[in-house]
Amino acid sequence: MDKRALFEKHGIFHKGMRTKDIKECFANHLEYSLSKDQYTATDRDLYFSLALTVRERIIEQWIKTQQLYYYKDAKRVYYLSAEFLMGRALVNNLINLDLLEKTKKAVEDLGLDFDELVEQEPDAGLGNGGLGRLAACFLDSMATLEIPAYGYGIRYEFGIFEQVIRDFGQVELPDSWLKFGNPWEIERPEYSFPVKFYGKINTSKWPDGQLKKEWVDTDDVIGIAYDTPVCGYDNYTVNTMRLWSSRASNEFDLNYFQHGDYLKAVEEKNISENISKVLYPNDSNFVGRELRLKQQYFFVSCSIQDIIRRYLVNHKGFHDFHKKVAIQLNDTHPSLAILELMRIFVDEYQIEWNKAWEITTKTCAYTNHTILSEALEKWPVEIFGTLLPRHMEIVYEINRLFLKDVSIRFKEDKGRASRLSIIGEDSSKRIRMAHLAIVGSHSVNGVAALHTKLLKEGIFREFEEVFPGRINNKTNGITPRRWLLAANPELAGLITKHIGDGWVSDLSQIRKIEPLAADPDFQKAFDRIKKTNKEGLAGMTLDLTGEEIDPDSIFDVQIKRIHEYKRQMLNILHVITCWLRLKNESGFEMHPRTFFFAGKTAPDYYISKMVIKLICHAAEIINRDPVTKGIIKVVFLPNYCVSLAEKIIPAADLSEQISTAGYEASGTGNMKLSLNGALTIGTLDGANIEILEEVGKENIFIFGHTADEIREMAPTYNARAYYDKNPLLKETVDMISRGFFSPAEPGLFGSLISNLLNTDHFLTLADFESYGECQIRAGKTYYGRTGWIEKAILNVARMGKFSSDRTIQEYNRDIWKAQTYTIPYDRPKKKTDPVSPGKPARKKSKTK
């Protein structure tokens with residue numbers, strides 16, 4: 001009897017989906033998986049039991065999905081990303097399994113609080129911001145669209161740091177998200193791969209005379225796979241996110257131990273495991289930069305070896321590799337995949353160079369996320385060549401051949417080869433990873449229309465001339481399952497009540513609520529839900545900060561990574577001027593408003609950390625002022641993460657998207673907030689432009705200079721000219737500078753103001769006046785509540801374009817070209833089944 005028949009004979013497959021089955025499974029896991037009972041079980045134990053119960057209902061379809069991919073010899077999409085900001089998994093999995101209500105009922109029947117169990121799950125914070133959250137949304141959409149796909153990344157032991165506010169500033173604490181284990185992952189030690197560092201290259205010849213390169217005398221580590229299931233919505237597809245954890249190739253040296261040198265005996269283990277220890281180590285020093293490069297190569301090498309292993313199950317040669325494998329590089333962090341493919345093809349499988357290069361370029365595609373120079377990675381040749389000597393040789397050869405072609409095609413342009421070279425030589429030799437990714441990929445995409453235009457016409461203009469049509473646009477999107485159905489269930493319920501639930505998997509259908517935007521009953525229900533969400537956020541704010549918030553005030557929200565180009569500085573300057581006008585101008589009125597800030601900044605980013613300090617110091621003064629009490633309040637919510645965003649976004653009234661035009665690649669927070677009924681105040685930057693096109697100019701508040709105007713102004717920008725001509729702005733800046741908001745440290749913000757007035761590359765003050773006028777328009781609009789609510793509903797109704805499902809469909813149509821496969825449920829019928837599984841929880845998949 002084969003394994004499948006044996007398992008089915010004993011009823012191992014097909015876990016029951018009824019409330020009764022969930023309760024029984026929960027009790028079994030508590031006792032037999034965790035060895036706990038009702039007297040010893042902690043809240044965390046109860047959460048683990050519930051998570052394991054849900055995981056059981058995923059695993060069968062997970063296995064069946066992978067089996068079908070092998071059976072069909074499917075082309076697989078591999079999404080390589082240094083970040084996956086997944087957030088909590090429990091509710092999202094229950095929604096995609098269509099088991100949320102049954103599970104809530106089961107938990108309530110057991111006398112437990114479902115929401116309390118949900119709160120026990122830590123955020124899987126394996127990302128820094130939008131890049132990692134986008135990757136998570138994409139995995140959800142690929143499974144929902146039934147695309148054979150895998151996410152590859154690093155299983156960081158410590159994710160993005162936990163942020164606390166002490167002495168009015170950000171303090172970073174370790175994020176020990178794995179401290180108590182992770183019930184969603186399964187370790188796969190059978191899928192482990194060696195990864196080499198350092199060493200030297202021996203050159204000889206193969207018997208057929210071809211050059212032979214051997215990478216020897218290396219320091220090796222082992223990558224161990226950890227798999228997490230990714231469920232599709234309204235289907236039976238379960239894809240895989242595979243994260244790599246580093247282990248020493250020789251974890252324990254018995255010789256050292258026996259001679260009493262206990263630290264030396266485990267030294268290799270400790271050094272090796274540092275690679276996957278922490279997300280983005282500080283790279284301001286040599287050791288940090290080298291560790292960061294090690295991380296990137298570690299996960300890329302493991303992933304490429306795994307991809308090739310999987311391909312070779314059904315294939316003997318590599319001529320069909322690009323027809324069965326699509327590798328998407330999420331920014332430059334995984335661009336080493338191009339070099340690793342070439343190394344393995346040429347060195348290990350003796351594929352001729354030109355053929356190997358053809359396969360590699362047809363397989364790889366690159367997504368660019370930024371035009372900021374500091375985010376376009378450049379590795380010093382001395383670090384790169386020492387750590388990865390064979391890859392250094394491969395880079396030189398790729399560059400030699402590429403520049404030879406450029407010199408022939410553009411022989412009149414003597415400087416072009418230097419400008420496009422993968423090896424930059426401006427001050428010191430550095431490898432330009434974005435250039436490598438462009439040269440080594442068949443597709444390069446931006447993530448919003450403006451961003452892609454700036455790539456084609458700006459920093460990558462000459463590459464567009466070398467590779468016409470290679471650069472294309474794929475505007476980002478968000479998954480409506482997490483960001484509306486899970487985060488805002490009351491609003492989701494209202495929408496479904498009126499138009500059905502088709503919008504959950506086809507967000508374009510949400511436009512059907514547009515005729516209801518002016519309906520008084522629908523408006524009343526919509527506003528009631530918003531008020532309830534605001535009351536919930538007010539309660540959370542009180543718990544987190546001790547500040548009491550008026551739910552009837554305008555909730556003005558800026559929640560994102562703290563960075564100069566995102567211009568939280570512009571926001572807090574406006575807040576302070578509002579406060580001054582309330583105190584000093586008898587004719588100035590404003591609707592009560594609460595200004596919410598949330599976000600983390602890099603531990604070594606001095607200016608942004610000072611902006612956080614300014615926000616917190618200003619909040620301390622403004623919130624204690626009896627003159628403006630009840631009219632204006634400022635709150636900085638600490639430790640911004642996915643689960644906190646899920647509480648803030650449904651409660652927001654006004655969405656601050658105020659980056660300097662031309663610097664935000666896309667943004668996805670703008671989409672999430674609009675989808676939940678917040679109106680945007682923003683510049684013509686990133687996806688704001690496309691949101692404007694969708695919702696209409698009357699339903700959004702746009703201000704500031706355009707990207708073209710910013711580019712023209714930047715060389716001669718004089719911040720002091722704006723400071724001198726605006727008395728209110730000057731008074732605000734001077735108060736900050738002389739220490740009004742930091743009386744214990746009068747000079748605290750001197751460097752921040754000096755940067756604002758002398759070296760601000762993001763033209764903050766150039767947009768200050770326009771921003772203030774736009775804020776006044778927004779405030780006046782809110783006074784007319786009926787009109788505001790109608791605009792909010794229209795924002796929700798017109799967000800169909802911004803589903804990550806649409807984005808992924810475009811990636812697959814234009815870049816990956818992978819066939820989709822519907823996974824069957826196929827429960828075998830048995831006459832004597834002691835426990836009926838009940839009706840399958842999910843409906844048959846719709847044809848996609």
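Me: Let's start somewhere specific: which residues does Gln-657 touch, not counting residues up to four places away in sequence?

Reply: First, a word on the source: this is a predicted model, where local features need pLDDT of at least 70, side-chain atom pairs count only at pLDDT 80 or more, and totals for chains, interfaces and linings use all residues. Residues are numbered from 1 along each chain as its sequence is written, and side-chain values use heavy atoms, with hydrogens and water left out. Contact means heavy atoms within 4.5 Å. With that rule, and setting aside residues up to four places away in sequence, Gln-657 touches Lys-560, Gly-669, Asn-670, Leu-673, Thr-680, Ile-681, Gly-682, Thr-683 and Asn-688.

Me: Where does Gln-657 sit, and is Gln-657 buried or exposed?

Reply: Elements come from DSSP runs (helices are H or I, at least four residues; strands are E, at least two), numbered from the N terminus. Gln-657 lies in strand β22, residues 654-657. For burial, use relative accessible area: buried is under 20%, exposed is over 50%, and partly exposed is in between (1.4 Å probe, protein chains only). Gln-657 has 7%, so the label is buried.

Me: What would a partly exposed residue look like, say Lys-196?

Reply: Lys-196 has a relative accessible area of 31%, which means partly exposed. Its place is strand β7, residues 186-197. Leaving aside neighbours within four places in sequence, the contacts of Lys-196 are Trp-215, Thr-218, Asp-219, Asp-220, Tyr-297 and Leu-388. You can also look at distance along the chain against distance in space: Lys-196 and Lys-294 are 98 residues apart along the chain, and their C-alpha atoms are separated by 9.8 Å.

Me: And how far from Phe-410 is the C-alpha of Glu-465, in what is presumably another such pair?

Reply: Those C-alpha atoms are separated by 9.9 Å, with the two positions 55 residues apart along the chain. Phe-410 is in the loop between α16 (389-409) and α17 (416-420). At 19% relative accessible area, Phe-410 counts as buried. Beyond four places in sequence, Phe-410 is in contact with Arg-416, Glu-465 and Val-466.

Me: How do I read a nonpolar core, and which residues touch the most other members of the largest one?

Reply: In soluble globular proteins, nonpolar side chains tend to be buried together. Here a core is a set of buried Ala, Val, Leu, Ile, Met, Phe, Trp, Tyr and Cys residues joined through side-chain atoms within 4.5 Å. The largest has 150 residues, and Ile-495, Trp-503, Ile-513, Met-569, Ile-572, Ile-648 and Leu-765 touch the most other members. A second, separate core has 121 residues, including Val-195, Phe-197, Val-221 and Tyr-825. Back to Ile-572: apart from neighbours within four places in sequence, Ile-572 is in contact with Phe-597, Leu-614, Ile-615, Ala-618 and Val-634.

Me: What about helix packing: at what angle do α24 and α25 cross?

Reply: Axes are lines fitted to C-alpha atoms, for helices over the stretch in contact, and angles run from 0 to 180 degrees between N-to-C directions. Under 35 degrees counts as roughly parallel, over 145 as roughly antiparallel, 65 to 115 as roughly perpendicular, and the rest as oblique. The axes of α24 (residues 568-584) and α25 (residues 606-623) come within 10 Å and cross at roughly 15°. That makes α24 roughly parallel to α25. Residues making the contact include Met-569, Ile-572 and Val-575 of α24 and Leu-614, Ile-615 and Ala-618 of α25.

Me: How does α24 pack with α31?

Reply: The angle is about 110°, and the axes are 10 Å apart; α31 covers residues 727-737. So α24 is roughly perpendicular to α31. Among the residues in contact are Leu-573 and Leu-580 of α24, with Leu-728 and Val-733 of α31.

Me: What is the phi of Ser-35?

Reply: Ser-35 has a positive phi of about 55° although it is not a glycine. Ser-35 is in the loop between α2 (19-33) and α3 (43-72), and is exposed at 60% relative accessible area. Asp-73, also not a glycine, has a positive phi near 50°. Asp-73 falls in the loop between α3 and β1 (76-80) and is buried, at 18%.

Me: And how do α2 and α3 cross?

Reply: Their axes come within 8 Å and cross at roughly 120°, and α2 and α3 are therefore oblique to each other.
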